[in-house]
Amino acid sequence: MAHQSCNACVFYEDHVANSPSQLDDGGLCRANPPVTQKDDDSRGLWPVVKPNDWCGKFTNLFAAE
């Protein structure tokens, strides 16, 4: 079985953070919609994950359309 971590998942976007600064060891999880914020004027934020994190939604292939 291959190592199923975020950096091998199709939903992982490397090098981008939810702030102006970039993360050297992180990326964004695009498996779900952005998380809403408590302020009405705030935009939703994508969860920030480390490349070696993992979850139950791992996939290395996009589903057929």
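## Close-up views of a three-stranded chain

**View 1. One cavity of 30 Å³ or more is found in the structure.** Welcome to the inside of this predicted model. The largest cavity has a volume of about 90 Å³. Its lining is made up of 13 residues, and those closest to the centre are C6, C9, C29, C55 and F58. Sorted by class, the lining comprises 10 nonpolar residues, two polar ones and one charged one. If you wonder how such a space is found, rolling a probe the size of a water molecule over the atoms shows where empty space is left.

**View 2. Three strands make an open sheet with the order 1-2-3.** The pairing in this sheet is antiparallel. Which strands stand at the edges? They are strand 1 (12-14) and strand 3 (48-49). Each of these has a single partner strand, so one side of each is left without a neighbour in the sheet.

**View 3. Here strand 1 meets strand 2.** Strand 2 covers residues 27-29, and three bridges join it to strand 1. The two strands run antiparallel. For a pair of residues to look for, try Y12, whose bridge partner in strand 2 is C29. You have already met C29 in the first view, as one of the residues closest to the centre of the largest cavity.

**View 4. S5 sits in the segment before strand 1.** Is S5 buried or exposed? Its relative accessibility is 4%, so S5 counts as buried, the cut-off being under 20%. Leaving aside residues up to four places away in sequence, S5 touches P51, N52, D53, W54 and F58. Of these contacts, F58 is worth a second look, since F58 is also among the residues closest to the centre of the largest cavity.

**View 5. Stepping back, the whole chain has three strands and zero helices.** Read from the N terminus on, the elements run β-β-β. The chain has 65 residues, and 17% of them count as buried. Its accessible surface comes to about 5300 Å², with 52% belonging to carbon and sulfur atoms. How do the contacts spread along the sequence? Taking those between residues at least 6 apart in sequence, 46% join residues at least 24 apart.

Terms used. Residues numbered from 1 in each chain as written. Predicted model: local features only at pLDDT ≥ 70, side-chain atom pairs only at ≥ 80, totals over all residues. Heavy atoms only, no water. Helix = DSSP H or I, 4+ residues; strand = E, 2+ residues; numbered from the N terminus. Buried < 20%, exposed > 50% of the residue type's maximum accessible area, 1.4 Å probe, protein only. Contact = heavy atoms within 4.5 Å. Areas by Shrake-Rupley, 256 points an atom, 1.4 Å probe, with all protein chains shown as cover. Pairing = 2+ DSSP bridges. 1 Å grid on protein atoms, 1.4 Å probe; cavity = no way out; pocket = protein on both sides within 12 Å on 5 of 7 lines; lining within 4 Å. Points joined across faces, edges and corners; volume = space filled by probe spheres on them. Nonpolar A, V, L, I, M, F, W, Y, C, P; charged D, E, K, R; others polar.
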